[in-house]
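Work through the exercises below with the sequence and the structure at hand. Try each task before you read its solution.

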Amino acid sequence: MVASLAAFAVRRRRLVLVGTLVFVALSIVFGTSVVKKLSGGGFDDPNAASTRANVVLADEFRTGMPNYTMLVGAKDGVDAPDATQAATALTQQISAAKGVGTVISYWTAGHPPVLRSTDGKEALILVRLLGSDDKTMQRARDLTKQFAGDRGLLTIRTAGQGQVFDAVSHRIQHDLSRAEMIAFPVTFVLLVLVFGGVVAALLPLAIGAIAIVGTLLILRVLTMFTDVSVYSLNLTTGLGLGLAIDYALFVVTRYREELARGVPHDEAIVASARTAGRTVAFSAMTVGLSLVALLVFPLFFLRSFGYAGIAVVAIASLGAVLVLPALLAVLGPRIDKWQLFERRPADQEHGFWRRTATGVMRRPIISGGVVLVLLVALGLPFLSAKFGLPDDRVLPRSDKVQQTQQALRTDFTGRSSDPVLVVAPTGTPSGAQVASYAAQLSRVPGAESVQSSAGTFVDGRNVAPANARFSAPSGEGFWLAITPSVESMSDAGKKLVRDVRAIPSPAPVLVGGRAAQLVDTQHSLSNKLPLAAAIIAAAMFVVLFLFTGSIVVPLKAIVLNLLSLSATFGAMVWVFQEGHLGWLVGHPIITGSIDTTMPILMFCVAFGLSMDYEVFLLSRIKETYDLSRDNTSAVAVGLERTGRLVSAAAALIAVVWITFISSGVTFIKMLGLGMALAVIVDATLVRGVLVPAFMRLAGDWNWWAPAPLRRLHNRIGVSEIAYPEQREASDPATVSA
């Protein structure tokens with residue numbers, strides 16, 4: 001199939017390239033508009049109780065957690081008569097604005113101390129904006145333009161969830177443009193060093209550009225049917241450029257090997273597709289199936305990375321086996337034009353990687369043991385990982401929205417925790433029943449007070465009169481607000497939610513709020529994680545079995561990749577949870593936890609990329625083993641044939657990911673550093689030491705499989721052997737004869 005595509009591309013090279021240009025033009029015209037259609041939300045499970053609680057509060061009670069905050073300052077104090085008059089008028093204006101639901105103002109709610117700063121210079125107006133996450137962000141943006149800044153007697157700063165995610169979304173787009181401006185020229189210079197010439201170095205960048213703009217077009221189409229996260233653009237750039245470099249390197253390197261053997265130009269292109277091209281196709285299948293695992297999660301933040309990743313893998317691989325052969329056919333000898341220096345082929349007898357593999361295999365237990373201990377030590381911090389949800393602290397300290405949010409924490413008593421909201425959509429319990437329920441909730445450890453339609457309760461005692469706003473307009477249902485005495489995103493905050501849900505209620509209730517969202521998000525992710533891991537493991541096993549005919553090698557690859565990724569996760573905890581290496585990652589705000597979704601995202605992406613290198617390495621080892629039946633020699637030769645190429649590809653893709661550290665958003669920094677570290681560890685310690693050590697210890701058992709599976713592989717297995725005479729020589733019957 002792959003060889004047929006390449007042969008078609010060689011014969012109809014102009015048609016293929018014209019079609020590619022049309023596709024790129026359409027992608028630029030229609031795909032680049034996708035940014036306006038992408039969403040900044042997607043961090044919660046739409047089917048979770050906390051999400052449904054928020055929906056019921058908004059739809060039935062026209063209220064909910066405030067998602068937009070105005071911090072209003074007055075030079076003479078917020079209780080001065082002129083400041084009170086101006087702030088009351090401001091509150092009325094906000095209440096009349098489009099898309100505004102509930103408004104709670106210090107000046108119109110009875111001057112509650114919780115809404116006034118400790119120095120009396122500032123006070124709060126809390127606003128509930130109605131609509132989806134995207135509408136909330138737009139309305140927050142409009143209100144900020146209209147009201148923020150100096151307004152005579154008042155100075156207004158704005159914050160809240162809508163403002164935070166709007167700021168994050170805009171910063172992501174700005175940071176991504178900057179990362180691309182860094183990544184493309186740097187990778188071009190490195191590609192020139194790898195290929196030795198300018199024209200050859202441009203080929204991977206061309207495939208990468210096609211993959212990136214093509215994925216934008218696909219994402220634009222998807223936005224017509226489902227929500228897609230703006231953060232998926234980062235994966236589009238990182239994975240698109242990285243895989244295009246990998247795949248083009250593999251194909252062009254094999255193409256040059258064929259030319260060095262004296263194969264005619266067009267035949268060399270087809271031969272490179274038959275060998276390296278087929279490996280690329282199976283590698284892409286492996287990476288794509290790893291990313292399919294992201295689609296099982298209910299958070300569209302994660303699913304969006306799956307959409308983008310699958311699209312970019314498909315386009316990059318198709319570009320490598322269809323567009324790249326057409327480019328090679330058109331270029332011909334001109335691929336070496338503007339050659340700066342000649343890259344000599346690897347010395348398969350005395351090269352660095354062969355010497356490394358031979359040295360490791362002389363003492364496999366010692367060599368492998370040292371690396372195992374190192375990776376385990378790197379992974380130990382992950383045992384103390386704490387998980388949370390992204391908030392304003394993913395932004396840098398210099399961001400105005402983050403500074404306002406921080407002022408809420410430090411200058412306002414009781415504003416460090418979000419309320420736990422309890423809503424009963426149906427039922428008409430009596431006032432006494434609601435009062436009894438609220439009193440029980442107020443006795444739960446971690447609950448400071450409970451506001452309800454029956455009054456405000458503290459430690460089981462009614463300390464304030466009833467509040468009608470906690471009753472449904474229709475007369476059916478009610479809701480309560482629990483003010484926590486603990487941090488919402490802490491273990492104590494999660495325990496509070498679980499304890500509240502365990503209290504018997506007079507009507508069926510849903511528990512919402514940030515702490516409940518964290519509990520529900522972690523629950524839904526943990527429920528889907530086994531299925532996602534099973535999809536990835538099954539994909540890895542099947543693909544590697546098709547290449548090797550073994551069940552030992554695939555199991556080894558899965559175990560080693562898990563070990564490598566655990567080291568990466570440990571490093572992420574050490575840097576972003578515990579706060580080390582701030583000088584390297586731009587001194588992000590340390591909250592004592594990491595984003596719950598990041599390890600899952602990095603697991604799926606990094607596992608696929610590591611198997612990308614595994615497929616390429618094992619395909620060359622198996623090719624040599626089929627010809628020689630010498631396991632030790634095959635490992636050494638296979639590593640030498642691929643070592644320089646894999647290390648170059650890993651260095652290039654690591655550079656792409658490292659540019660993401662320049663982002664101002666903490667979890668994008670984490671993604672960039674984590675992926676770069678995962679690629680480097682995999683291409684050096686795992687491929688250079690652990691793989692040869694294990695394969696030396698396993699010997700010929702590396703290639704073992706039960707007889708039925710062996711027969712199956714003989715029928716459908718894959719090999720990189722390029723020519724019929726080689727395949728005949730590798731046949732066991734021929735070798736034994």
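**Exercise 1.** Which backbone oxygen does the side chain of T659 reach, and at what distance? Then place T659 in its surroundings.

Solution. This is a predicted model.
- Start with the polar contact. The side chain of T659 reaches the backbone oxygen of V656 at 2.5 Å.
- Next, locate the residue. T659 sits in the loop between α20 (631–658) and α21 (666–698).
- Now list its contacts beyond four places in sequence. T659 touches A179, I182 and A183.
- Last, judge its accessibility. Buried means under 20% relative accessible area. T659 has 7% relative accessibility, so T659 counts as buried.

**Exercise 2.** Find the angle at which the axes of helix α1 and helix α2 cross, and classify it.

Solution.
- Take the two helices: α1 covers residues 2–11 and α2 covers residues 13–31.
- Their axes come within 4 Å and cross at roughly 95 degrees.
- Angles from 65 to 115 degrees count as roughly perpendicular. So α1 is roughly perpendicular to α2.
- Then name the residues in contact. From α1 these are F8, A9, V10 and R11; from α2 they are R13, L15 and V16.
- Sort them by class. The contact of α1 with α2 has 5 nonpolar and 2 charged residues, and no polar ones.

**Exercise 3.** Where do D459 and L581 lie, and what is the sign of phi in D459 and in L581?

Solution.
- Begin with the background. Most residues other than glycine have a negative phi.
- D459 is not a glycine, yet it has a positive phi of about 55 degrees.
- D459 lies in the loop between β9 (455–458) and β10 (461–464).
- Exposed means over 50% relative accessible area. D459 reaches 53% relative accessibility and therefore counts as exposed.
- Turn to L581. Its phi is near 55 degrees, a positive value in a residue other than glycine.
- L581 belongs to the loop between α17 (552–577) and α18 (582–585).
- At 30% relative accessibility, L581 counts as partly exposed.

**Exercise 4.** How many aromatic pairs are there? Work out the geometry of Y106 with W107, then of F301 with F667.

Solution.
- The count comes to 18 aromatic pairs.
- Take Y106 and W107. Their rings are 5.4 Å apart, centre to centre, with 85 degrees between the planes.
- Planes over 60 degrees apart count as edge-to-face. The pair of Y106 and W107 is edge-to-face. Both residues are buried.
- Now take F301 and F667. The ring centres are 6.2 Å apart and the planes lie at 85 degrees, so this pair is edge-to-face.
- F301 lies in helix α10 (residues 300–331) and F667 in helix α21, so the pair ties together parts that are 366 residues apart in sequence.
- Check burial. F301 has 0% relative accessibility and counts as buried. F667, at 3%, counts as buried.
- Widen the view. Ring pairs link F301 and F667 into a cluster with F43, F165, Y231 and F305.

**Exercise 5.** Describe the surroundings of R52. Is R52 buried or partly exposed?

Solution.
- R52 lies in helix α3 (residues 49–60).
- At 41% relative accessibility, R52 counts as partly exposed.
- Beyond four places in sequence, R52 touches P46, N47 and L510.
- The side chain of R52 reaches the backbone oxygen of N47 at 3.3 Å.
- Finally, compare sequence with space. R52 and P425 are 373 residues apart in sequence, and their C-alpha atoms are 9.9 Å apart.

Definitions and conventions:
Residues numbered from 1 in each chain as written. Predicted model: local features only at pLDDT ≥ 70, side-chain atom pairs only at ≥ 80, totals over all residues. Heavy atoms only, no water. Axes fitted to C-alpha atoms, helices over the stretch in contact; angles between N-to-C directions. Parallel < 35°, antiparallel > 145°, perpendicular 65-115°, else oblique. Contact = heavy atoms within 4.5 Å. Nonpolar A, V, L, I, M, F, W, Y, C, P; charged D, E, K, R; others polar. Buried < 20%, exposed > 50% of the residue type's maximum accessible area, 1.4 Å probe, protein only. Polar contact = N/O pair within 3.5 Å; in protein donor to acceptor, adjacent residues only side chain to side chain. Phe/Tyr/Trp six-rings, centres within 6.5 Å; stacked < 30°, edge-to-face > 60°.
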